[in-house]
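Thanks for sharing this one with me. Here are my notes, set out as numbered points; please have the model open as you read.

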Amino acid sequence: MQNMNKGTRTAEQPLGDGTVHRENVGNEILHRTLYLCELLHKHGSFFTLENPLSSFAWKIPRMRKMLAACRCAVADLDQCEYGLKIPDKFGIWGLAKKPTKFLGTMPNIGFLARKCSKQHDHIAVLGGVKVQGKWQKRSQLAGSYPKRLCEAYAKAFEHSFTC
């Protein structure tokens with residue numbers, strides 16, 4: 001799936017080979033983000049990051065170094081368990097699995113971890129579908145956090161600062 005976009009990133013070379021402009025821009029954004037996370041940690045503040053579970057970002061050496069240095073907690077989750085829905089080819093909305101990883105220094109981030117119960121079907125986050133007469137990519141439709149995930153994140157955050 002990662003190579004469907006004609007990129008050069010691989011598990012062995014998560015930053016790509018330097019020939020694809022959009023990858024170079026993404027790498028720069030990631031390195032700046034990691035710098036900010038390191039700064040926050042150094043000054044006693046919390047941070048969290050999120051990306052698809054399959055993202056090559058998790059394999060980048062600087063990410064792994066920061067994860068260890070900041071003693072980040074990790075929460076792997078399937079967004080279907082939080083109610084993420086996208087439309088199928090008939091326009092009927094159904095659950096999308098979308099495996100996702102959160103990591104960071106915020107206490108209680110582990111509360112977000114949820115694996116699919118396998119008690120339901122999934123709509124693949126691939127291709128496009130007509131929504132209200134307009135074609136949209138399913139990946140874009142699945143790009144917003146479901147309300148229940150937002151509420152769980154807020155609750156974990158709140159519990160980090162209350163007794």
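**Notes on helix 1 and the sheet**

1. Helix 1 covers residues 21-42, and its 22 residues should span 32 Å at 1.5 Å a residue; the end C-alpha atoms lie 32 Å apart, so the two agree. The expected span is 1.5 Å times one less than the number of residues. Helices (H or I, at least four residues) and strands (E, at least two) are DSSP runs, numbered from the N terminus.

2. A word on the basis: this is a predicted model, where local features need pLDDT of at least 70, side-chain atom pairs count only at pLDDT 80 or more, and totals for chains, interfaces and linings use all residues. Residues are numbered from 1 along each chain as its sequence is written, and side-chain values use heavy atoms, leaving out hydrogens and water.

3. Buried in helix 1 (under 20% relative accessible area, 1.4 Å probe, protein chains only) are Glu23, Asn27, Leu30, Leu34 and Cys37. Down the helix axis, these buried residues fall within an arc of 85 degrees (taken from the directions from the axis to the C-beta atoms), so they line one face of helix 1.

4. On the other side of helix 1, His21, Ile29, Arg32 and Leu36 are exposed, meaning over 50% relative accessible area. The cover over the buried residues includes strand 1 (48-52) and helix 2 (61-69), with contact meaning heavy atoms within 4.5 Å.

5. After helix 1 comes Gly44, with a positive phi near 80 degrees.

6. Three strands make an open antiparallel sheet in the order 1-5-2; strands pair if DSSP finds at least two bridges between them. Strand 1 and strand 2 (73-78) are the edges, each pairing on one side only. Strand 1 pairs with strand 5 (residues 99-104) over five bridges, and Asn51 stands opposite Lys101 in strand 5.
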